[in-house]
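Visitor: Hi, I've got a structure I'd like to talk through. Can you pull it up for me?
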Amino acid sequence: MQRSVLVTGGAGFLGRAAARTFKARGWRVVGVGHGRLTPEEASAQGFDAWLTAEVSLAGLAALDEPFDVVAHCAGNGLVGHSLSQPLDAFRSTVQSTAELLEHLRLTASKAVLVYPSSAGVYGAADDRPLRESDRPNPVSPYGYHKKLAEDLLECQSRYFGLRVAVIRFFSIYGPGLAKQLLWDAAGKLCAGGARVDFWGTGDETRDWIHVNDAAAFMADLSAVSEPFTIVNGASGERVTVRTVLELLREALGADVQIGFNGTVRTGDPRFYHADMAQAGSLGLRARIPLAEGLQDYAHWFKSTWSR
């Protein structure tokens, strides 16, 4: 019997990738989100059915079938938005999670819920691999909201029997990501000029994972048997911001000097590097090397970007 998955936030960057991955593995994929997709557009993105609705009790009431898995990709994805519009960001990430969980409780769903959380829950930390057992230390409303969503999921698992897999993703990138560092940097590098300056010192570290690998992590963890699991989602490779921007410049074929202004933005931790031992024990491994993934991203960027 064909398995089915509900992808919330299905019109978003990670939601689209999750839909494609589950579909490629033979699942029936139903999406819900803000995008108004025609049946043809939905099918092209991997959805067998699409519901334009909020992730709320009222919106989810229109669903009339059970699911084996819920990939809950809905939520705010920007630190900046959580600082400028904290209530809206809270509603998008925390309130939507609470209402989804109540929908699952009221419908007595047996689905496994897979949640893409964030390394933002770790916040400020030393320059070392971060472990799932580390104490959360968010430095932005975004990080706090992700932690609150995790707490709601753990509560639902403990008291209402929902099986949950939380993946704390680090820096997800890939074709289709039209925001955040790589998008902004690619635009500046392609705009011309002799030099481009970026925030920080360039020595900050990040741990990158291609969106196709991230989506594969979600699909793989949908088979989780434990009541509540938290695992890091990254490559396990420590890369400075300077290095990733130089690799991106090379992939774009740009001839621009890269500099840094020395100013650290609010909500930006200096170091992010994942310990991937627990993920490895579950068979999770990022397969797309960063240089190859950035070539992929640069090709997509140049095909879509206009000055």
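Guide: Sure, one term before we start: buried means under 20% relative accessible area, exposed means over 50%, and partly exposed is in between (1.4 Å probe, protein chains only). Helices (H or I, at least four residues) and strands (E, at least two) are DSSP runs, numbered from the N terminus. This is a predicted model, where local features need pLDDT of at least 70, side-chain atom pairs count only at pLDDT 80 or more, and totals for chains, interfaces and linings use all residues. Residues are numbered from 1 along each chain as its sequence is written, and side-chain values use heavy atoms, with hydrogens and water left out.

Visitor: OK. Is strand 1 covered on one face or both faces?
Guide: Both: Ser 4, Leu 6 and Thr 8 are buried on one side, and Val 5 and Val 7 on the other. With 5 of its 5 residues buried, strand 1 is largely enclosed by the rest of the structure.

Visitor: Which strands does it pair with?
Guide: Strand 1 (residues 4-8) runs parallel to strand 4 (residues 69-72), joined by 4 bridges, and also pairs in the parallel sense with strand 2 (residues 28-33) over 5 bridges. Pairing here takes at least two DSSP bridges between two strands. Leu 6 has Val 30 in strand 2 as its bridge partner, while Val 7 is matched with Ala 71 in strand 4.

Visitor: And what order do the strands take in the sheet?
Guide: The open sheet has 7 strands in the order 3-2-1-4-5-6-11, with parallel pairing. Strand 3 (49-52) and strand 11 (228-233) are at the edges with a single partner strand each, so one side of each has no neighbour in the sheet.

Visitor: Switching topic: which strands does helix 8 lie across?
Guide: Helix 8 (residues 211-221) lies across strand 4, strand 5 (112-118), strand 6 (164-169) and strand 11. In helix 8, 9 of the 11 residues are buried, so the helix is largely enclosed by the rest of the structure. Among them are Phe 217, Met 218 and Leu 221.

Visitor: Now Ser 118. Where is that one?
Guide: Ser 118 is found in strand 5, and at 7% relative accessibility it counts as buried.

Visitor: What does its side chain reach?
Guide: A polar atom of the Ser 118 side chain lies 2.8 Å from the backbone nitrogen of Gly 120. The side chains of Ser 118 and Tyr 142 also make a polar contact of 3.3 Å. A polar contact is a pair of N or O atoms within 3.5 Å; within protein, one must be able to donate a hydrogen and the other to accept it, and residues adjacent in sequence count only if both atoms are side-chain atoms.

Key. Contact = heavy atoms within 4.5 Å. Axes fitted to C-alpha atoms, helices over the stretch in contact; angles between N-to-C directions.
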